[in-house]
Each structure stands twice: as structure tokens, then as C-alpha cells.
Amino acid sequence: PASAVPAAPTTRVLIIPGQGVGPIPFGPMAENLTARGYPSTVLDLRGYDVVADARAIGVAVESTRAAHPHDRIALVGHSIGAISARWYLKELGGADRVATYVGIGAPQYGSPGACQQDSRSGVCPGSEFMTTLNRGDDTPGSVAYYGVRSAREWVDGHLDGGQCRVTPIPANEALPKLGLEHTFEPLDAKVWDVTAAAIDGQCRGRFITEPDGVLNYHTSALPGSPVR
């Protein structure tokens, strides 16, 4: 008899919320991705200590790998959650364990909004944390890296190295021009669509390779963003 064809591995998604948001607002995204065939779990992380959160991401990855050893893992991080995910990939060995990284509205080279906060996030541009995170290869390993953002953002979310830069998501015109798109990105069905495509390996934009060290906060800042 012919041998059975092994089933294709499933991609399991770990969603990392932004700072102070918690998991509840990400429930609809998780449900949508799960319905598309990507079982999704929202991690209960608060984003005030990105290094501690990166360790927690590592624990979640290992737990998922133990329960589903033949499946792939995708990390989908919003805002500072995407920074914690990158620290895990780059500094904690996660690039050997994860197939896909999607940074949504990610301040990859820092956000001035973090400079005035009494937190341990370290995401202020030029901080020791951001300098360490962005030293050397920003897209290590065989991970597929994707950057997603709305059209109204402070920073572009680009990484040097190799990254799919998803075409900016059109602004939700129902929202006033107050920068609220960043907050509502996880609730935008258009963001779900491009995130699902990324998990499936589709670049809904352009794949760019830039030399390491080219990008920084000033080259990432978009019109209207505070400049430090």
C-alpha cells in the first residue's frame, strides 16, 4: 500500500500585546487567525519590562513546542510587544525556534513616547536597550520577518537586514487624525488579513534587504513624529 502523506505542519501563533493593554483587546485577532487555520494564543504580558517579557515569550514558545513538536511557531507582536519578541529572537536564542515574526506598529529603533514613562521598557531612542537590540544583524536566523503598520504612525517599523515591508494599511477614516490607528491596529480586519498572509509566507508589500546599521530612529521617523 502507498505510504500516507504526512500532514503539513500547523503554524501556531503567539500574540504579544503592547504596553499596558493586556490580552483582552487581542481576542478578536486571535479568534480570526484561529478560524483561518492558525491556532492563536494571546500572552498575558503588560509591556513594562521588555526583557522580562522576552523571557516569558521564551517560556511560551518552549511550552508550545513541547505540546506540538511538529508545528511551526509565529510571533505576532504589537507595539512594544514586538520589541520584546525581537529581544527574544536576537538575544535569547529564539531565532532557532520560531518560523515567522510579525511586528505590528513596532518602534524598532525606539519611540519618543517611551522617554517620559516611568517604566523599565527601555524603548526610548538611543537607550542602552535599543542600542544593544539594534547592534549587528537585526533579522537573525532563518525567521521570516514582516513589518506591518497603519498609514498614520510615528515610525515606519522597518528593520535592516532582510524584511518584508508590508504596504501601509490605509487609515481608518472613521478615526480622527490623532494617531489612534496605532492603538486600533489589532482590531483592524485589514491588519488581520496581512498578518494571516505573512504567517502563510506571503509578502503583501516588498521584501527589502539593507545593510546592518543603516537604520536608526531618525531615519525611521515618519512626518509628524516627535524628533529627539
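Student: Why is Cys124 called buried in this predicted model?

Tutor: Cys124 has a relative accessible area of 16%, and buried means under 20%, so Cys124 falls in the buried class.

Student: What makes Cys115 partly exposed?

Tutor: The relative accessible area of Cys115 is 22%, and partly exposed covers what lies between under 20% and over 50%, so Cys115 is partly exposed.

Student: How do you know that Cys115 and Cys124 form a disulfide?

Tutor: Their sulfur atoms are 2.1 Å apart, and a pair of cysteine sulfur atoms within 2.5 Å is counted as a disulfide, so Cys115 and Cys124 qualify.

Student: Why is the disulfide of Cys115 and Cys124 called right-handed?

Tutor: The torsion about the S-S bond of this pair is about 90°, and the disulfide is therefore right-handed.

Student: What makes Cys164 and Cys203 a disulfide?

Tutor: The sulfur atoms of Cys164 and Cys203 lie 2.1 Å apart, which is to be set against the cut-off of within 2.5 Å, so this pair is a disulfide as well. The pair ties together parts that are 39 residues apart in sequence, because Cys164 lies in strand E6 (residues 161-166) and Cys203 in the loop between helix H6 (189-199) and strand E7 (205-210). By this rule the count comes to two disulfides, and with the bonded cysteines of the protein chain numbered in sequence order, the pairing reads 1-2, 3-4.

Student: Are Cys164 and Cys203 buried or partly exposed, and how do you know?

Tutor: Cys164 has 2% relative accessibility, so Cys164 counts as buried, whereas Cys203, at 31%, counts as partly exposed.

Student: Why is Glu181 called buried, and what does its side chain contact?

Tutor: Glu181, whose place is in helix H5 (residues 180-184), has a relative accessible area of 4%, and since the cut-off for buried is under 20%, Glu181 is buried. The side chain of Glu181 makes a polar contact with the side chain of Arg152 at 2.7 Å, and that value can be set against the limit of within 3.5 Å for a pair of N or O atoms.

Student: How do you know that the protein chain, with its seven helices and seven strands, is as compact as a globular protein of that length?

Tutor: The radius of gyration of the protein chain is 17 Å, close to the 17 Å that the globule rule gives for 228 residues, so the chain is as compact as a globular protein of that length. Buried residues make up 51% of the 228 residues in the protein chain.

Key
Residues are numbered from 1 along each chain as its sequence is written. This is a predicted model: local features need pLDDT of at least 70, side-chain atom pairs count only at pLDDT 80 or more; totals for chains, interfaces and linings use all residues. Side-chain values use heavy atoms; hydrogens and water are left out. Buried means under 20% relative accessible area, exposed over 50%, partly exposed in between (1.4 Å probe, protein chains only). Helices (H or I, at least four residues) and strands (E, at least two) are DSSP runs, numbered from the N terminus. A polar contact is a pair of N or O atoms within 3.5 Å; within protein, one must be able to donate a hydrogen and the other to accept it, and residues adjacent in sequence count only if both atoms are side-chain atoms. The radius of gyration is taken over C-alpha atoms; the globule rule is 2.2 Å times the number of residues to the power 0.38.
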